[in-house]
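Here is a short, friendly briefing to read alongside the model. Please keep the viewer open as you go.

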Amino acid sequence: MSIIAEKIEQVVSQIKQFCEDSQRKPDDVTLLAVSKTRSTDEIREAFHQGLRCFGENYVQEAVEKIVALADLPIEWHFIGPLQSNKTRQVAEAFSWVHSVDRLKIAKRLSEQRPANLPALNICLQVNIDDEQSKSGCHPDEAIELARQIAELPNLKLRGLMAIPAPTDDPEQQHRAFKAVSQLSEQLRLAGLPLDTLSMGMSSDLEAAIAEGSTMVRVGTALFGSRPAKSVE
Ligand SMILES: *Cc1c(COP(=O)(O)O)cnc(C)c1O
């Protein structure tokens, strides 16, 4: 068995276990393989081991891989910071964007989504507890922003995404993910039909699943540690 195959098997069985531990169905949690900095050969192999959803952070790198892997029915998710001048490429090449945190970006994605493609799936990124991070809207802005995004014609608002401040403390991990879950519940009570919580990475899967994650974004646990990446 290849190393990637073994790691995929490990992560899939961990997800199953964490779901059982919290009385959830394993099918309710999608494994999104974060393939930034990974070669097309590695992605191809992960695909052949059964993975279908892949997440990328850097527009240029992603678009090149998407073209090279066009023979595979992969569902591509954009999860990195998104600037206005890159929205067209993202609107044209991806099925999902997890990192929308302001209306201007959402409007551009909606305007630039090609008419022959289904609506672009969107998660609103929320800055749940990381004062240092500039990504993500403030939780207090989430309802209003979600309402406005939900009105845009070529987008489908699916849920929330969060990257809590990194910590090894399980209690702190749970606290942050619970806050995202509760915010999502508030949005649902406000009438927004959300079905996705994009939260949890290699080092905090257990807490994320226990607190209701429906999509975990996993890179290093599947592919090994990444080389440092400079800016695009
Ligand atoms: C890189 C990245 C991940 C994956 O992180 P790992 O710790 O490698 O699992 C998940 N989400 C986002 C937004 C990322 O940029």
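The notes below walk through a few residues and strands, grouped by topic.

This is a predicted model. We begin with Glu-56, a buried residue in strand S2, which covers residues 53-56. From there we move to helix H3, then to Val-29, and finally to the parallel strands S3, S4 and S5.

**Glu-56 and its surroundings**

- Glu-56 has a relative accessible area of 0%, so it counts as buried.
- The side chain of Glu-56 makes a polar contact of 2.9 Å with the side chain of Lys-65.
- Beyond its neighbours within four places in sequence, Glu-56 also touches Glu-61 and Ala-62, among others.
- Further contacts of Glu-56 include Trp-76, His-77, Phe-78, Ile-79 and Gly-80.
- Ser-35, Lys-36, Ile-43 and Phe-94 are also among the residues in contact with Glu-56.

**Helix H3**

- Helix H3 spans residues 59-68, and its buried residues are Val-59, Glu-61, Ala-62, Val-63, Lys-65 and Ile-66.
- Lys-65, the polar partner of Glu-56, is thus one of the buried residues of H3.
- The buried residues of H3 pack against two helices, H2 (40-48) and H4 (87-93), and against strands S2 and S3 (75-78).

**Val-29, in another part of the chain**

- Val-29 sits in the loop that links helix H1 (3-21) to strand S1 (30-34).
- Because its relative accessibility is 8%, under the 20% cut-off, Val-29 counts as buried.
- Leaving aside neighbours within four places in sequence, Val-29 contacts Ile-15, Cys-19 and Arg-24, as well as Ile-209, Ser-213, Thr-214 and Val-216.
- Val-29 and Glu-61 are 32 residues apart along the chain, and 27 Å separates their C-alpha atoms.

**Strand S4 and its partners**

- Strand S4 runs over residues 96-100 and is mostly covered, with five of its five residues buried.
- S3 and S4 run parallel and are joined by two bridges.
- In this pairing, Phe-78 stands opposite Val-97 in S4; Phe-78 is also one of the contacts of Glu-56.
- S4 also runs parallel to strand S5 (residues 120-125), with three bridges between them.
- Here Trp-96 stands opposite Asn-121 in S5.

**How the strands are connected**

- S3, H4 and S4 form a right-handed β-α-β unit.
- A right-handed β-α-β unit is also made by S4, helix H5 (residues 103-112) and S5.
- H4, the helix of the S3-H4-S4 unit, is one of the elements that the buried residues of H3 pack against.

Definitions and conventions: Residues are numbered from 1 along each chain as its sequence is written. This is a predicted model: local features need pLDDT of at least 70, side-chain atom pairs count only at pLDDT 80 or more; totals for chains, interfaces and linings use all residues. Side-chain values use heavy atoms; hydrogens and water are left out. Helices (H or I, at least four residues) and strands (E, at least two) are DSSP runs, numbered from the N terminus. Buried means under 20% relative accessible area, exposed over 50%, partly exposed in between (1.4 Å probe, protein chains only). A polar contact is a pair of N or O atoms within 3.5 Å; within protein, one must be able to donate a hydrogen and the other to accept it, and residues adjacent in sequence count only if both atoms are side-chain atoms. Contact means heavy atoms within 4.5 Å. Two strands pair if DSSP finds at least two bridges between them. A crossover is right-handed if, with the strands pointing away from the viewer, the path from the first strand over the helix to the second runs clockwise.
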